[in-house]
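Got your viewer open? Here's a short walk through the model, one selection at a time.

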Amino acid sequence: MTRPSPGDPVALSTSNEAMTAHVSAVPFRAQPFAHYWLAVAPFGALTGVLLGSILYLFYAGVGIWGIDWPVAWGFALINYVWWIAIASGGTFISALFYLTRSEWRNAINRIAETMTLFGAACAGIYPILHLGRPWFFYWLFPYPNTMGLWPQFRSPLLWDFFAILTYVTSSVLFWYFGLLPDLATMRDRATSRRWQVFYGALALGFRGSSTQWRHYHVTYGVLAAIMAPLVCSVHSIVGLDFAGAATPGWHSTQFPPFFIFGAFLSGFATVLLLVMALRRLLNLQAWMTGRHLDVLCKLMLTSSLFVGYAYVMDGFTVFYGGEKADIVNYTARLFGYYAPVYWGAVLFNVMLPQLLWVRALRVNQLLVTLLCCGVIVGMWFERYTIVVISLHRPHLPSAWGLYHGSLWDWLTLMGTAGLFVFGILLAIRIIPAMSMFEMRETLEQRR
Amino acid sequence: MRIVVGAFPDETAMQAALGRLREAGFNAIETYGPKPAGEGHSPLPLVILAGGLFGAALGFWWQTHETVQAYPLDIGGRPLFSWPAYVPIALEIGILLAIASGVFGFFVVNRMPRLWEPVDDAPAMRRATSDRWCIAITTETPEQARHALWRFAALEVDEVAA
Amino acid sequence: MSRQWRALDALARDPAFVTRAEAEFPMLARAMAAQTDRRGMMRLMAAGLALAGLTGCDAGEQGGILMPPVHPAPGTVGAGSDLFATAHLAQGYAEGVRLRHAAGRPIKVEGNPLHPASLGGTDAIAQAEILGFYDPDRDIGLRRGRVAQAWQDLLTAMAARRTRAAEDRGAGLRLLTGRVTSPTLARQIADLRTTYPEMRWHQWEPVTRDSVRAGALLAYGQPVQVRPHLAEADVIVAFDSDLLSSAPGHLRFAREFAARRNPTRTDRMSRVYAVEPAPTQVGLAADHRLIAGARDLARLVPMLAASVLRDEAPADAPPWLGAMAADLKAARGRAFVHAGPDLPPESLALVHAMNEALGGRGTCWTLGAPAEADSAALGESMRALLDDMQAGRVHTLLVLDANPAFTAPGFADALRRVEFSMTMAVGPTETAGATHWLVPQRHAFEDWSDARAFDGTATILQPQARPLFDAISPHTLLSLLAGPAPAGSQDAVRATWAPQWGDAAAARWHDALATGLVAGTASPPIDVRLRDDAARAAPAVPDQPLTLSLRPDPYVWDGRWANNAWLQELPRPTTKLVWDNPLLISPARARDLGVRNGDRVEVRRGDAHRVLPVWVVPGQAPEMVIATLGYGRQDVGAVGSGVGWNVYPLAGDGPVSLRKADGQDELASTEHHDPIFSDAGEYVRHAGLDAFEADPKVLAREPALEHLYRMHPPGPAAWGMSVDLNACIGCNACVVACMAENNIPVVGKQQVMHQREMHWLRIDRYYEGDPEDPEILLQPMLCQHCEQAPCEIVCPVEATMHDSEGLNVMVYNRCIGTRFCSNNCPYKVRRFNYYGYTKEEHRPALARNPDVTVRARGVMEKCTFCLQRIAAARIVADIENRPVGAEEVVTACQAACPTQVFSFGNMAQGGTVVERKQSPLSYAMLAEQNTHPRLTYEGVIRNRNKDVGA
Amino acid sequence: MAAIFPPEANLAAKLVLLSLAGAIAAGIGWWWLFPRTDYARHVDWTVQQPVPFSHQHHVGGLGIDCRFCHVTVEVSGNAGLPPTYTCMTCHSQIWTNAALLAPVRQSLADNVPIRWHRVTDLPDYVYFNHAIHVAKGVGCESCHGAVADMPLMRKVRSMTMSFCLDCHRDPAPHLRPAEAIFDTKWQRTPDTPSPATLMAQYHVGGRNLTECSICHR
């Protein structure tokens, strides 16, 4: 295969049959790619670590974490926000760019959405883990109980609870809905009875009759049109978890958009990573071309500019507002104990991505890979900045303090990372890694 | 009653055949293809809208009821009816119901799950989800239908019981 | 910590104990020999097990056991709480207290307003004493060597000693006690002396105050005691003074001191100069804090004396000295000078001379006879004993309420030469381990005895509960030395007083118990002339460049309270250190040594040396290095053993050397921020008196903007608090009181280092300005009960909300632990149970306040304005169909505070709070946050002398 | 080449999905319902006691007033259980040898309390105060039921928070005249003062009784 270039067509002209055959063949193979199980094993192990640390957490209590008096929120919230941002990247691509009718989107939306699923799963764990008494998490749900009590609807945390609930459920439904036609294809191409029944059951009898297609087409459009604002609302609300408080460093009106920008950035970075990896592993270069890399890089660049803008505004509003506690807090962020974390975020999220202005670099996969990893780490730093650095300098100096993640904090983080990759690897083992029915349209247009 | 299924190599061929079959007076016709075919009317958008509005309304009322009637409490000196705070949750519940009603509405409209349909017995159908476009004619007079399909250049014609 | 309570918890389940506790309970003043109602108590001991493991689950779990008593309880009603007077002994001096009984058992120490040494206030140690009372480590049992003995064995052993002592008319019989003010003990010892004429009685306190005694001898020829009346003093000069911290009567002095510190409530604010090597509690409240090391002090006191007595102006005097002297002289008759026990006797004599010259006698101070039964120089007394022991002149040694093996270097060796030694102690001590016999002593709260306050006022100590452990009274033990028949402690005490009372005995005994003091026992002012040569006393100026000062820890004291977890985890007034006793050094010296907090240094004096971590104390004299006594105990119990470093061996007067050593120690302090600020006034508003007189509203800032939707909670009552920062001396009594009242757990050193301490009420300390000589500001910080509470709106489950009386309520059992409320609290007064701290304490339910929920793991908690007290008052008021009175409810912190910093009440009924809130000094913390707190502060006004620099 | 699924598959699939949904709904339903059941709340459970004390006999039969044994009910938070001594005031005269009463005599002899088992229990974080309820006209019966008809004591109310709230939200219908408070058989009669009158009499309604701080500390 030739090296990808920004000039590549959105897909090399191949026949429907060739594409379908190639993509649908993967799950029927014992291994989607060479040494597949070898790759799965470590991440499976990490998932085990996650389970272990969760069990110990429930046994011993949140005291095993690094959180303390001034910094009462730590890794749990950092990781939560970080994962949910990563997850949203998928929805942006599959929903937002569906609406814009961007043809390049068809090849990668399956990967993107699958990533959303597992990202959201990882994120969804944390809000419950972080509770002091997680076994009462259901008190967040407004159901008539023997205590005659209800949740407190003014709390951003409750908004968040519903936002996540909605986002996870909707993502699953949207993902499954988009999968239907391909499941039908798989059913009909399956040779072994086992696969036929499996996919047949999942396809629920989708046959591609003109009626089905008619409803399908319309519905999918409308759902996409809802998913796009949904993901924005989710991130605004996550932003409000912080902006809703009077805490210095949090009490800022720009948080909702700021969080959406962050979601764009880390989301695109992660999708880009996955696309680069999977197109090689599954030989999808014919349909995920240099063009895709180029587009995703441009998106990353754009969103990194957004984020940069937000960083600047952060500083501006602090001094423009001129509240003492805020200034103290912000100064601590720039020059204090945790300054490296903040500047790390600036470096990885804003400065380095500027390299992508250079056309040639956008298809230099090694460099882009590094940049993506940088952004993903950088975004974690950004969350660390928002949560920890803001909290460690509250209004009263008598309550100033420090925070350090404990071993269990790190294990849990690693664990969710493991779960994420583990999930995606399992997913590509059973579902087509590319949306075949949408590719057919693309190929049509190429012809 | 019999169903006659003809398979075509691509959409244009099928469309052509379709028109001429209609002229030939075949009405009970359904087509199958591997990719979204043709625009057209669907009730689902309305269903989704309804679901969304219902959800949002329900969510807002629920919150209002619980804070104002069910157990009024002084929370941070805020008014009992703090409507701006109810918007996010109302919105989320609305979206949730909208999307759910969309997806499940789709299944209902198409009476899914329908794992089996008579046409499934036609071998040609098995490629209708990959690279064939099929026309299924339900008719009393299968012979004419087959001839017609052959005439309109079907690659393959099967006949199955309705 | 965790081991500590197991024993007692088990005990609560042990039927034998139940019956024992059941058989008799607090001796009431009101109904003599009557038993209180024990129903409640039994319920609690049973419920205790459930309670200890309390979780938020709502499944009305069944199966508690109810154990009603066998006999009814005449004369008492209900399981409601009651107060019974007794006394807490500080270095032998009595501080009157009343124990609050809930459900029939003592749970809380309150002050005794009638008692001259309390006036209703208490100190931290007295507050924590209730924890010591329930300390299971007290269960030591009668032992000989390591072997447990039966009481019969004690009788035989004592019989043997009596004969042995009779042989040499008691020459070899020695009695070693702590400082004794108990008339009964004194009487018993006197009796012993008649039986054994040669017997000698030694007294020993590691913190001797000998210098004070010697100073008095120099000045007056007898060990008279100065009794300040600070409310009368316009100008106070305090040289390294313990007046407000540990001097006998300090609670009273603090109250009188504070009476003149708030310009809005006194027509003339007093002016206080503190000249001291390290921040004392006087210094914290002083208008001028002037730093002077031991050497400086030895020069400064004579200089001041010179200018006061002889109107001289010493050449090399610091600029402020003249102004200070002028101030004193200007206030003739209303000026008072005080010097602490660490100054040499000569200096103290000079201070006496100055006071006489300033003519305050009779108005702002008087002289009185010492309260001790036998005022002795404790240092000499101990030295004499050691010599005799070494010389083998001692065959029988009885140690009462003293721990010389730990506090008197050389004692342990000398002990080997003694044929028969016996220790009587309330809990394990190093001495108990070293002597042949160990006799468990009853805790002061479970025994009859008596003691005198600093002014001689006697208090009869009455048992508050049946002894928790098998132990006897010191009075009984002494009676065994006198004769074969053991005397009960109550009889012993009655035998002391009955003769003095004659026919009125019964009534007076009753009154004494009811009021907590024996009327008319205060010793009158005595009239004694100052010796002429007092004014010529000349303290020697030490020539060493470095002074090592060994000072008692403010809370663990000489080590006797080391097993009290509340005191261990109580932040020290200025350093905020807990669970440790590092070497305190000045910033300058730290710079010279190149050390930071926690770095180790080696201190060497003679051949004794210690490697200790350092803690840098802004405002300490560079010349001074301060080591804290009372730590490093090896045998004191589960809590205190092996905590900190024993510095007693460093005692002496040889030259001291100090050098950096390798390594570091982790030290736990509850103040984690970088110490120095330029603008601590943002939080603790302060100004000079002149500024205040120019504009009383000098501390006022622009009022907070009205909230978009402000909701004033309407209700039958409106609770509010005002905190007067002018009065706060940082003694921390309020903090312990809060812990005792609200079942607040201790978390241990590790968790404190992890910033997880649980104190609902903390005293914030700010340094402002120059690190070498900063302004030190204190501020009690507790839940502000904001009317627009930020914590409430962010709680997703309605676990914290407002009630109509303006309380910010926290419902523990609804809390799921999101901790958002704490993040959103501008004052950071919420505490979170990261672990099941309460459970880990293994403190038995019966030692807790039954009216306060015990919090589970994963739950947020905070100050409730003592909701349980409010609720109690509310219920009574409702039954009587009347509103709750303005000052009907007194919070725990308010009750404990010796200086009346706190005022609390139902603002709907007016009262002190309302008045204080109208004071021009009144302000709300972080008003710009628009939280509208129900708690306001009165800012600090310093009465500065403009002629004094700085 | 035949279809993948037989015709029956359609019905089967629908059934499977339906039953799945049904199962989930049922599960939630049970989880929601169970805490409300008398079983979960131990309502009508008779607890085994060391002595089978019969309120029916003592209160219903002999007409002994509640306060004869529960002395502190009017002045204190907890109603108080009678000391063994109280039992023996009568039983030293009558039934002196009854085997049933052996534990009582034993208790007095050995000076060891009788271990009664709690029947009506509240969680430790709820601070119920008998005195105020009695003072404000709430009868024993309202929480403890018709004790006079109980041979053996049993719990009759769910004692859930909502049970308390029902009354705290609207006390009026639960109030009774002072003389009827200890009468477990009392019924409202035409000449009983109206709820409103009682509210006024007892000065109830001055404070909002549904505030958390009323019961929780």
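Domain bounds here come from an automatic or database domain assignment. With that in mind, colour chain B by its two pieces: domain 1 takes 2-39 + 117-161, and domain 2 takes 44-109. Put a centroid on the C-alpha atoms of each, and the two centres sit 46 Å apart.

Some ground rules before zooming in. This is a predicted model, where local features need pLDDT of at least 70 and side-chain atom pairs count only at pLDDT 80 or more, while totals for chains, interfaces and linings use all residues. Residues are numbered from 1 along each chain as its sequence is written, chains are lettered from A and ligands numbered from 1 in the order in which they are written, and side-chain values use heavy atoms, with hydrogens and water left out.

Next, select residues 489-501 of chain C, which is helix 18. Helices (H or I, at least four residues) and strands (E, at least two) are DSSP runs, numbered from the N terminus. Helix 18 has 13 residues and reaches 19 Å from first C-alpha to last, close to the 18 Å expected (1.5 Å times one less than the number of residues). Look for a kink of about 30° at C:Ala495, shortly before the proline C:Pro499; the bend is the angle between axes fitted to the seven residues ending at a residue and the seven starting there. Just after the helix comes C:Gly502, with a positive phi near 60°.

Which residues of helix 18 of chain C are buried? They are C:Ser489, C:Ala492, C:Val493, C:Thr496, C:Trp497 and C:Trp501, where buried means under 20% relative accessible area, exposed over 50% and partly exposed in between (1.4 Å probe, protein chains only). Their cover includes helix 6 (183-195), strand 18 (449-452) and helix 19 (505-515) of chain C, with contact meaning heavy atoms within 4.5 Å.

Hop to chain D and pick helix 5 (residues 84-91), whose buried residues are D:Thr84, D:Thr86, D:Met88 and D:His91. Helix 3 (55-61), helix 4 (66-69) and helix 6 (102-110) of chain D are among what covers them.

In chain A, go to A:Ser304 in helix 9 (residues 290-321). A:Ser304 counts as buried because its relative accessibility is 0%. Leaving out residues up to four places away in sequence, A:Ser304 touches A:Leu265, A:Asn349, A:Val350, A:Pro353 and A:Gln354.

Last stop: cysteines. A disulfide is a pair of cysteine sulfur atoms within 2.5 Å, and the count over all chains is zero. C:Cys897 is in none, with the nearest cysteine sulfur, that of C:Cys731, 6.1 Å away. Why does D:Cys167 lack a bond to D:Cys143? The closest cysteine sulfur, in D:Cys143, is 7.4 Å from that of D:Cys167, so the two are too far apart for a bond.
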